[in-house]
Amino acid sequence: MRRVTNFPADVAFGPDDTVYILNRSDGAASILVWSVEDAEELSDKMVQIGGYGTEDGKFQWPTQIVCNEDGDLFVSDEATHRITRFKADGEFVATWGTEGSGRGELKGPTGIAFDPDGNLVVVESQNNRVQRFTADGKYLGGFGTQGSEPGQFDHPMGVHVDELGSIYVADWRNNRVQKLSPEGDPVMVIGHAGADDGEFNRPMGVAVDGHGDIYVSDWGNDRVQLFNQEGHYIWKFLGDASLSRVARNYMMSNPRPNRIREMAKLEKEKYLRRPRSVRIDKEFRLFIPDYRSYRVQIYMKDFIPLDETEMSEPFRNPSLMVT
């Protein structure tokens with residue numbers, strides 16, 4: 001429901017199954033705090049962090065949110081060109097970032113992620129690069145220029161860093177995802193413009209799970225796509241939402257939306273609308289901020305671990321069976 005998750009843009013995972021939902025729209029921005037265990041008990045008593053504005057602890061156009069090992073929250077703000085830090089309880093800690101294109105300056109910071117050393121990797125949409133900082137904002141290095149060659153970017157948005165330090169970037173205007181080494185060397189490019197399987201229309205977010213599977217929020221195609229660690233397309237998520245308990249309670253107390261719902265074509269209501277991000281937690285639960293539907297859709301990965309003894313040898317050549 002809009003009153004609970006007003007245009008969700010991203011989620012982050014804290015301790016004790018805490019989930020932070022970053023909401024943003026024109027003239028509004030906030031972080032809502034809830035627990036996976038209480039997902040069906042969302043109410044107006046939810047804790048809210050931040051707000052819209054330029055003062056300390058507020059945002060104008062927040063894009064992504066992450067949580068470090070200490071439970072502190074970090075939020076990127078495209079409009080104010082800065083990173084804001086909070087304690088887990090919402091207490092404001094600090095803001096850092098100076099607008100510009102020099103080393104250590106920020107212009108349109110979007111995707112943020114922690115590397116294995118606890119440093120913050122920041123993607124800048126307007127500077128078309130990736131920079132690395134300490135959690136306190138000290139500049140450590142960076143790479144990237146504008147372009148369409150491997151290792152170049154055009155308005156990059158989301159970012160993920162895996163346990164080996166490899167960096168995955170949702171390269172928005174290039175309609176692809178890039179995997180790079182910790183130093184920024186190109187490793188793999190996934191996708192190109194289009195609407196078929198494995199193609200993208202303005203990808204905005206990327207996440208990698210503990211198996212190495214890669215999830216991409218394909219914003220313009222209203223879906224999330226799944227690739228294996230070699231970049232081969234596996235699956236797509238189009239959305240399968242149902243009414244939450246809070247939505248049911250709202251409907252039962254408001255006759256007008258009940259009449260509208262009776263007249264509507266309900267099948268399309270389950271689908272994703274402009275997913276801006278994608279996240280997967282350590283329990284292999286997939287969270288998709290369903291931006292234009294004011295909700296977060298959650299899926300559980302179904303898998304069976306296999307070892308090499310349970311799989312055949314790789315095929316040397318494709319086989320042709322003739323009947």
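Visitor: How many bridges join β14 to β15?
Guide: In this predicted model, the two strands β14 and β15 run antiparallel to one another, and one of the facing positions along them is I167, which stands opposite L180 in β15. The number of bridges that join β14 to β15 is 5.

Visitor: Which strands stand at the edges of the open sheet that has the order β13-β14-β15-β16?
Guide: This open sheet has 4 strands with antiparallel pairing. An edge strand here has a single partner strand, so one side of it is left without a neighbour in the sheet. From one strand to the next the twist averages 20°. The strands at the edges are β13 and β16.

Visitor: Which residue meets R173 in a salt bridge?
Guide: R173 lies in the loop between β14 and β15, and its partner lies in the loop between β12 and β13, so the pair ties together parts that are 19 residues apart in sequence. R173 counts as partly exposed because its relative accessibility is 43%, whereas the partner, at 18%, counts as buried. With a distance of 3.8 Å from N to O, the side chain that meets R173 is that of D154.

Visitor: How many residues apart in sequence are the parts that D10 and R279 tie together?
Guide: The side chains of D10 and R279 meet in a salt bridge at 2.8 Å, N to O, and both residues are buried. Because D10 lies in strand β1 and R279 in strand β21, the pair ties together parts whose separation in sequence is 269 residues.

Visitor: What is the N to O distance in the salt bridge of K301 and D209?
Guide: K301 is found in the segment after β23 and D209 in the loop between β17 and β18, so that the pair links distant parts of the chain, 92 residues apart. K301 is buried, and D209 is buried as well. Their side chains meet in a salt bridge with an N to O distance of 2.6 Å.

Visitor: Which residues are linked with D72 in a network of salt bridges?
Guide: The count of salt bridges in the model comes to 18, and some of them join into a network that includes D72. The residues linked with D72 in this network are R85, K87 and D136.

Visitor: Is strand β5 largely enclosed or largely open, and how many of its residues are buried?
Guide: Strand β5 covers residues 62-67 and pairs with β6 in the antiparallel sense over 4 bridges, with P62 standing opposite D77 in β6. The two strands form a hairpin with 5 residues between them, and G71 in the turn has a positive phi of about 90°. Strand β5 is largely enclosed by the rest of the structure, because the number of its residues that are buried is 6 of the 6.

Visitor: What distance separates the C-alpha atoms of G90 and I49?
Guide: G90 lies in the loop between β7 and β8, and it counts as partly exposed because its relative accessibility is 22%. Along the chain, G90 and I49 are 41 residues apart. Their C-alpha atoms are separated by 5.4 Å.

Visitor: Which residues form a nonpolar patch on the surface with I304?
Guide: I304 is found in the segment after β23, and at 69% relative accessibility it counts as exposed, because exposed means over 50%. The patch has about 350 Å² of accessible area in total, and the residues that form it together with I304 are L306 and M311.

Notes
Residues numbered from 1 in each chain as written. Predicted model: local features only at pLDDT ≥ 70, side-chain atom pairs only at ≥ 80, totals over all residues. Heavy atoms only, no water. Patch = residues over 30% accessible without salt bridge, like charges linked within 9 Å, V, L, I, M, F, W, Y side chains within 5 Å. Areas by Shrake-Rupley, 256 points an atom, 1.4 Å probe, with all protein chains shown as cover. Salt bridge = Lys/Arg side-chain N within 4 Å of Asp/Glu carboxyl O. Buried < 20%, exposed > 50% of the residue type's maximum accessible area, 1.4 Å probe, protein only. Pairing = 2+ DSSP bridges. Axes fitted to C-alpha atoms, helices over the stretch in contact; angles between N-to-C directions.
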